[in-house]
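Student: I would like a close look at one part of this protein, with the charged side chains as the guide. Please take the answer slowly and keep it connected.

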Amino acid sequence: MAGISLRTSANWLMNELGLYSILGSSRDSKLLCLQRFVRLFAYGASTLILALYLSNLGTTDARIGLFMSMTLWGDVIISFVLTLFADGLGRRRILMLGSALMTASGLVFTFSGNYWVLVVASIFGVISPSGNEIGPFKAIEESTLAQLSSPDIRSDIFAWYTLLGNAGTACGMIICGWLIEWLQSLDNWTATHAHRLIFGIYAFLGIVKLILAFMLSDKCEPEPPKQEYQKVTELNDIEIESLLSSSEDNDENAQPHPAPPPNSKSLPPTPKKKHSLLPSISPTSRIILLKLSILFSFDSFASGIATASWITYFFTTKFSLPEGTLGTLFFTTSIIAALSNLVASSISKRIGLLKTMVFTHLPSAIFLALIPLPTTLFPAMTFLILRACTQNMDQAPRQAFLAAAVLPSERTTVMGVVNVVRSLSQSGGPLLTGWLAGMQKFWIAFLIAGALKAGYDLAMLKMFLGFKSREEVDGERERRGEAA
């Protein structure tokens, strides 16, 4: 009996943590998660030193903020163009192109110290000033994962996808921090030389990611639209009105079928439309996209005010933390944030995606606002760690919520637009932080960021409480049809 009870408990735990889901997922899903680990490892390593590297080159705080903002502006353009045409040109090709841009940026940072050369490399390449996602990768990978996974395990897959990204950031930060501290203990190694070696590793990881993208199969490409036979029936006025009210769930470009001959029961398949590189978004999805874009813009602007680069810079300048200690601190917060994603997946199965997003993200906003208030290191570190406990718990539910809210053929475009909106909104934050830091008012930036994030959570709950996803609506419609 004890053995059976233990086995049952182990099965329950593995199911709650989503281990069965990720282990049983396709090879492509595992490769996409591995790509994210490698990419976020590189982002974590570069984020830890980006502001410090620019400062060592003699760059003022205001120009550091301008650099981060221009980097995000470049990401807006690159991400929008690449994700807009990703499904038309091929998702794997776009992922490989993004990896090549990532490698090119790392090489420029390795061999150049000119401010404007670095600006150009960050705008047209892929450099993350925040430690979070940048470039076209996230939207394409999320859309592909949603396509490769069924709705009942999708939140688990996204949870592990997010967890591995956070784990990559954590590993990148701690290895980068202690490697730099060790290099500086050697003769003839300055901080600038050590920082450039990190950017060389960044370029190498871009090559690794390119190889992983090359290993993906054809299943990652968008599925062709299904052709269906349409039954011809007579509809009265009430039925026509009902059909029109739900027509937003169908492809708005579908052509009406002519009336069939008297003896025919169905019509032949709709002829294939000419292939287009530009995607289309249904009216219902446009409304959802507009609402989410407005809300996400506030959250992202707050994230831009308190990016990981600025937070590391804050702890370095206020408490004089060395890179090794700094890397360990942010390794701890990133690992906590990574593990919290598994808890978020379990919570979302019980209270739903939206409530999980709001109730886990709101405490992190409060702790973010409290970080600069203590005058000693330990309380500030405590607030940073408490923030990390729930900081990223909204990410996997948010990705699953967005994937379910729109049609499968729209996911890449919608997620790409959302990421562009987030990057564009985030780009204004570093400018404000740089200006406040230059005026010795760094602490105000944390208060503003925390207040904006809390407002975003409450607005999200108000606007989408009771919202039903496309998949839920379609499921209810199918059940009603079967009952009839």
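How many salt bridges does a search of the whole structure find, and what surrounds the residue E221, whose place is in the loop between α10 and α11?

Tutor: The model is a predicted one, and a search of the whole of it finds 6 salt bridges. The setting is a protein whose secondary structure comes to 21 helices and 0 strands, and of its 484 residues 51% count as buried. Among contacts between residues at least 6 apart in sequence, 85% join residues at least 24 apart, and the salt bridges described below can be read against that background.

E221 sits in the loop that runs between α10 (191–214) and α11 (237–246). With a relative accessible area of 17%, E221 counts as buried, because the cut-off for that class is under 20%. Once its neighbours within four places in sequence are left aside, the contacts of E221 are G90, R91, R92 and Q147. Two of these partners deserve a separate word. Towards R91, the side chain of E221 reaches the backbone nitrogen at 2.8 Å. Towards R92, the side chain of E221 takes part in a salt bridge, with an N to O distance of 2.9 Å. Since E221 belongs to the loop between α10 and α11 and R92 to helix α6, this pair ties together parts that are 129 residues apart in sequence.

R92 has a further partner in D218, and in that salt bridge the closest N and O atoms are 2.6 Å apart. Here too the link is between distant parts of the chain, with D218 in the loop between α10 and α11 and R92 in helix α6 (residues 91–111), 126 residues apart. As for accessibility, D218 is exposed at 56%, R92 is partly exposed at 21%, and E221 is buried at 17%. In general terms, side chains of opposite charge can pair when their charged atoms come close.

Elsewhere in the structure, D299 and K453 meet through their side chains in a salt bridge of 2.9 Å, N to O. That pair likewise links distant parts of the chain, D299 being in helix α12 (residues 283–305) and K453 in helix α20 (residues 442–464), 154 residues apart. Both D299 and K453 are buried. Returning to the loop, the salt bridges that share partners join R92, D218 and E221 into one network.

The helix α10, which comes before this loop, also holds I201. I201 has a relative accessible area of 33% and is therefore partly exposed, as the value falls between the 20% and 50% limits. Together with W182, L186, W189 and L197, I201 makes a nonpolar surface patch of about 430 Å². For the protein as a whole, the exposed area is about 22200 Å², of which carbon and sulfur atoms supply 67%.

Key. Residues are numbered from 1 along each chain as its sequence is written. This is a predicted model: local features need pLDDT of at least 70, side-chain atom pairs count only at pLDDT 80 or more; totals for chains, interfaces and linings use all residues. Side-chain values use heavy atoms; hydrogens and water are left out. Helices (H or I, at least four residues) and strands (E, at least two) are DSSP runs, numbered from the N terminus. Buried means under 20% relative accessible area, exposed over 50%, partly exposed in between (1.4 Å probe, protein chains only). A polar contact is a pair of N or O atoms within 3.5 Å; within protein, one must be able to donate a hydrogen and the other to accept it, and residues adjacent in sequence count only if both atoms are side-chain atoms. Contact means heavy atoms within 4.5 Å. Accessible areas come from the Shrake-Rupley method with a 1.4 Å probe; for residues, only the protein chains shown count as cover. Patches are made of residues with over 30% relative accessible area and no salt bridge: like charges are joined within 9 Å, nonpolar side chains (Val, Leu, Ile, Met, Phe, Trp, Tyr) within 5 Å. A salt bridge is a side-chain nitrogen of Lys or Arg within 4 Å of a carboxyl oxygen of Asp or Glu.
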